[in-house]
Structure formats: C-alpha cells, structure tokens
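Hi,

Here's the structure I said I'd pass along. Have a look at it first, and my notes follow underneath.

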Amino acid sequence: MPFLVIDIGNTRLKWGLYAEPTPDAQLLAHGAVVLEDIDGLWQRHWRALPTRPSAMLGCVVAGEAIKHRVEEQLMQGWGLQARWVSSSAQAGGVVNGYEHPQRLGSDRWAAIIGARRRAVQHDAANPPPVLAVMVGTAVTVDAVDASGRFLGGLILPGFGLMYRALESGTAGLKVPTGEVSDFPTNTSDALMSGGTDAIAGAIERSLRRLRVQTGREPLLIMSGGAVSRLGHVTEFEATVAENLIFEGLLTLASEPAVRRSAA
C-alpha cells in the first residue's frame, strides 16, 4: 500500500512516497519544489513515479491557493483524495498543551509527534523528554515532557529572514557570505555568527528550561532544510532527523481512525 506524505511549508513543498503508511516504512522516492514551481509538480516529479500511491496525508502552512493546486494535481493525476492534518487535543501519543490546540501549526504538530515517537524508541519503558527543533524559513523549538505532553515552544526567524531583515533595515549591511567564529573580525562573519548564535541560544535556553521542568536530560531532535547550518555548534548534542515531519505524518497515518478514513 504505497503511501504519499506531503509537507507544504512557507518556501517549499516536500514529498515522500513510502511503501506503506507506517513510521518504519521504506522510503521509495522523495523530492521537493519551491512553491513558485508548484504547477509543475505532477509533470516533472509525480508522473514518472514507478508506483501509484493508494492514499496520502499532508500538512500545509502555505495559503489556500497552493493547497488547492496540489489537490488538483493529486486528483487529476491519480484520482487521489487529499487529506490534511489538523492539530488536535491528542494524537500520535502526544497530548497537546497549546492554549488553543487547533491553532498549533500542523507542521509543528507533525514534527512534535515524530519527535515523541523517537523518544519512545530511545527508551520505551521510560521515554525521555524531547525538544523538537525545525530549522527552515522559521525556526520552531517545541518541548514535550516524559509523559508525552506538549508543553509549548518558540517560533523565531530562520537564517534567511534574519539576514533580510538586517539588510533592509540597516545601511550598508548585505546578506552575508561569511563564516561562523567565536569573535568575528569582519562584518560578514559577524552577521553569520550572530544569526547562528541567536538560533543556538534559543535552543540552549529551551533545553535548560526543559531539563529544569522535568528533572531529566532531554533528547534533542533537529530537522529542516537549514539544519546543517547548526552542524558545527558544540554546546549541545543533537540527533538530526532528515524527515521528522514525514515521521510524524506516518505515525498519524498508522493510527486506526486515520487508516479507516483512508480506506
């Protein structure tokens, strides 16, 4: 039962075709397109797939026009009905502690569920608290305690948004091509190091808070298109999950209620 998962973010659409709708399923094919190229998704990517998905599940934070165009291509190409995740009070082994659970972004919800699943895999008898970090156009830093309760989290600008804000709001500062260093001695390095330290600092502070809140050492899971920019940060140890949102979507897809709705 080949299964398609889709993550429509602020900048790109990412997709993965799996052998079945379970978190440990084999990844058969995957790809990504920038949202400006969304109309060519079927012709350039999905049409050539060797196997047809029997169902799909996705999350979307882009506008309704983008969502509608994807739905059209799914229906016209495969006759496939689109199903989109909405955040809920409880799903995938996570209790949603957001003030208004339905207002939590569906991509964050999927990543949180994927991170919780990894915590359970790490120690099924006594799962650790986990911090789920997505590094993309925006950065999200979300905390889940040892019982699986989502405690809340941060949203801050990603690297590109930070640099564009500095470029547009100051005189003489351009998007940097510098390197990260402890004590930068030129403007390009200062900009690059400042952006990295801002994101790394938010992660460090959240880890410390979660450690104090739970009395245990949290598991740090990081993912997203720009996560490699934090690869040199040595102040914390992280597990990089290439497709954390996909893992969350597949976890949700494997739940009995979701599987019945896809039948």
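**What I found: two sheets**

Let's start with one pair of strands: β2, covering residues 12-18, is joined to β3 by seven bridges, and the two run antiparallel. For a spot to click on, try W15, whose bridge partner in β3 is G31. Keep in mind throughout that this is a predicted model.

That pair belongs to an open sheet of four strands, ordered β3-β2-β1-β4, with mixed pairing. At its edges sit β3 (27-34) and β4 (55-60), each of which pairs on one side only. Going from one strand to the next, the twist averages 10 degrees. There's a helix on this sheet too: α6 (residues 244-253) lies across β1 (3-8), β2 and β4, and it runs at about 130 degrees to β1.

Now for the other sheet. It's also open and mixed, built from seven strands in the order β5-β6-β9-β8-β7-β10-β11. Which strands are at the edges here? They are β5 (90-91) and β11 (239-240), and each pairs on one side only. β11 pairs with β10 (residues 219-223) in the parallel sense, over two bridges. If you want to find that pairing on screen, look for M222, which has V240 as its bridge partner in β11.

Helix α3 (residues 106-122) packs on this sheet, touching β5, β6 (94-96), β7 (130-135), β8 (138-144), β9 (149-157), β10 and β11. The direction of α3 makes about 135 degrees with that of β7.

Shout if anything's unclear.

Cheers

Note on methods. Residues numbered from 1 in each chain as written. Predicted model: local features only at pLDDT ≥ 70, side-chain atom pairs only at ≥ 80, totals over all residues. Heavy atoms only, no water. Pairing = 2+ DSSP bridges. Axes fitted to C-alpha atoms, helices over the stretch in contact; angles between N-to-C directions. Contact = heavy atoms within 4.5 Å.
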